[in-house]
Amino acid sequence: MRDRFRDLEGPLAVRKKDVVLMATVSSFESLSYPTRSELRQFAELFTPLFQASSDEAKRQAVAALSQCPTMPAAVALFIGNQPIEIAAPFLAASKAIADDTLITIARMQGAAHVKAIVSRDSLSPKVIDALVALRQTQPRPAAPAVPITESEAVPLSPAPTEGNEAEALAEQRIANEEALRERILDLAGHLGRKDEDRLGLRTLTDIQEALLVRFARSREANHFATALADALSASRWLAERIMLDLSGQQLATTLTSLGMGFLDAVFVLERFYPHLAEQQHNVTRAWMVLDALDPEECHERVEAWRRADRYTYKPTAATPTLAETESHRVRQAPVQRDMRVLGRRSR
């Protein structure tokens, strides 16, 4: 194999580096079961060729390597740390990436890389635990500040005469007071509050939202309950009770309170509660359930649930990780059985 790679190094001065990169990748793809020596040789040649190539050649090479069942660990880590527009197909599809490599990439890179990892067809409990816990090591994004808008200027009336000067001044004072009152109400958030204004509210991070959607797609009710409990900073018991409301109303209320995107929330409800996927008036029942909710009422209701949960469970009984959940099945057997029933019903 070394001779095959050396034959490709010679024309570097004449041929385009992109062609050499793709030829090197093709040569590696043709090896059904590469030896340890061949893996090491490929790792030595790939990195400098990749760095010297164009972005288009890099994307094509990464897409091709995403289908390889075997990959040097150093190459997998190198590709996974590339910009997301290049690394995305590799992170989402490659079966040659070890769990430790995925966890390292998730911790080193941003939310875009984590979303690509979450979109994989299968994730081990080790990776899931690491992604759920990743929020605790990252600063929470600051909520957008409430924009202060200037009140519209009140047009001045024509110059009053001496006879109606007092009346004009009184009208002007009333108009100014009304404009000031409306501005104060706007700043307080009582009128025209924007959906993206979540100052002071509990809000899903990008990682949490991606995990919830990913578990809903695969109908993994237990993993979804763990991620939901983490997002609520509440016990797993509360998350499971929310999900066991087969009408879907409690989960819809919770997702609205946490600020999940509308279409993502519709998708989650339809996956766990198939009856909400039925069409009514050109939209699904899940769409109608979410559209009828008032965000302020959802916030108040979910906060009431969380307060009751804190009174019921001590802080030491924090939300368990997936591994801890598996090791305590005996204690939580009745609830676990209910969650399995929910998973079967959703199918």
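**Fold, core and salt bridges of the predicted model**

Of the 347 residues in the chain, 39% count as buried. The model examined here is a predicted one. Its secondary structure comes to 19 helices and 2 strands. Contacts between residues 24 or more positions apart make up 71% of those in the chain with a separation of 6 or more. On the outside, the chain exposes about 19700 Å², and carbon and sulfur atoms supply 54% of that area.

A good place to start is the interior. In soluble globular proteins, nonpolar side chains tend to be buried together. In this model, the largest nonpolar core holds 81 residues, and the members that touch the most others are Phe46, Phe224 and Leu251. Helix α12, which spans residues 221–232, gives the most to this core, with 8 residues. The surroundings of phenylalanine 224 can be listed in full: leaving aside neighbours within four places in sequence, phenylalanine 224 is in contact with Leu212, Phe215, Ala216, Met243, Leu251, Val268 and Phe272. Leu251 thus appears among the contacts of phenylalanine 224 and also among the core residues that touch the most other members.

Helix α7 offers another view of the interior. Within its residues 99–108, Thr101, Leu102, Ile103, Ile105 and Ala106 are buried. The cover over these buried residues includes α5 and α6, together with α8 (111–118) and α9 (125–134).

Two of the loops that join these covering helices also deserve a look. Glutamine 82 sits in the loop between α5 (73–80) and α6 (84–93). Is glutamine 82 buried or exposed? With a relative accessible area of 13%, glutamine 82 is buried, since buried means under 20%. Beyond residues up to four places away in sequence, glutamine 82 touches Phe50, Ala87 and His113.

Leucine 123 is found in the loop between α8 and α9. Its relative accessibility is 13%, and leucine 123 therefore counts as buried. Residues up to four places away in sequence aside, leucine 123 touches Ile117, Val118, Ile128, Leu131 and Arg214. Leucine 102, one of the buried residues of α7, is 21 residues from leucine 123 in sequence, with 9.9 Å between the two C-alpha atoms.

Arg214, one of the contacts of leucine 123, leads on to the charged pairs. Side chains of opposite charge can pair when their charged atoms come close. Over the whole structure, a search finds 7 salt bridges, and three of these pairs are described here. Arginine 214 forms a salt bridge with glutamate 220, with 3.3 Å between the closest N and O atoms. Arginine 214 is buried, at a relative accessible area of 5%, whereas glutamate 220 is partly exposed, at 23%.

The pair of glutamate 303 and arginine 306 likewise joins a partly exposed residue to a buried one: glutamate 303 has a relative accessible area of 28%, and arginine 306 has a relative accessibility of 7%. Their closest N and O atoms are 3.0 Å apart. Where do these two residues sit in helix α17 with respect to each other? Glutamate 303 and arginine 306 are 3 residues apart in this helix (residues 295–312), so about one helical turn separates them.

Glutamate 278 and arginine 285 form a salt bridge too, with an N to O distance of 3.6 Å. Here glutamate 278 is partly exposed at 43% relative accessibility, and arginine 285 is partly exposed as well, with a relative accessible area of 29%.

Arginine 285 is also a residue of helix α16 (285–291), and α16 and α15 (262–272) are the elements that give two or more residues to a nonpolar patch. This patch lies on the surface and is formed by Phe262, Leu263, Trp287 and Met288, which together have about 370 Å² of accessible area. Methionine 288 lies in helix α16 and is partly exposed, with a relative accessible area of 33%.

Finally, the cysteines were considered. How many disulfides does the count come to? The count comes to 0 disulfides, where a disulfide would need a pair of cysteine sulfur atoms within 2.5 Å. Among the cysteines, cysteine 68 is buried, with a relative accessible area of 8%, and cysteine 298 is buried at 2% relative accessibility.

Conventions
Residues numbered from 1 in each chain as written. Predicted model: local features only at pLDDT ≥ 70, side-chain atom pairs only at ≥ 80, totals over all residues. Heavy atoms only, no water. Salt bridge = Lys/Arg side-chain N within 4 Å of Asp/Glu carboxyl O. Buried < 20%, exposed > 50% of the residue type's maximum accessible area, 1.4 Å probe, protein only. Helix = DSSP H or I, 4+ residues; strand = E, 2+ residues; numbered from the N terminus. Patch = residues over 30% accessible without salt bridge, like charges linked within 9 Å, V, L, I, M, F, W, Y side chains within 5 Å. Areas by Shrake-Rupley, 256 points an atom, 1.4 Å probe, with all protein chains shown as cover. Contact = heavy atoms within 4.5 Å. Core = buried A, V, L, I, M, F, W, Y, C linked by side-chain atoms within 4.5 Å.
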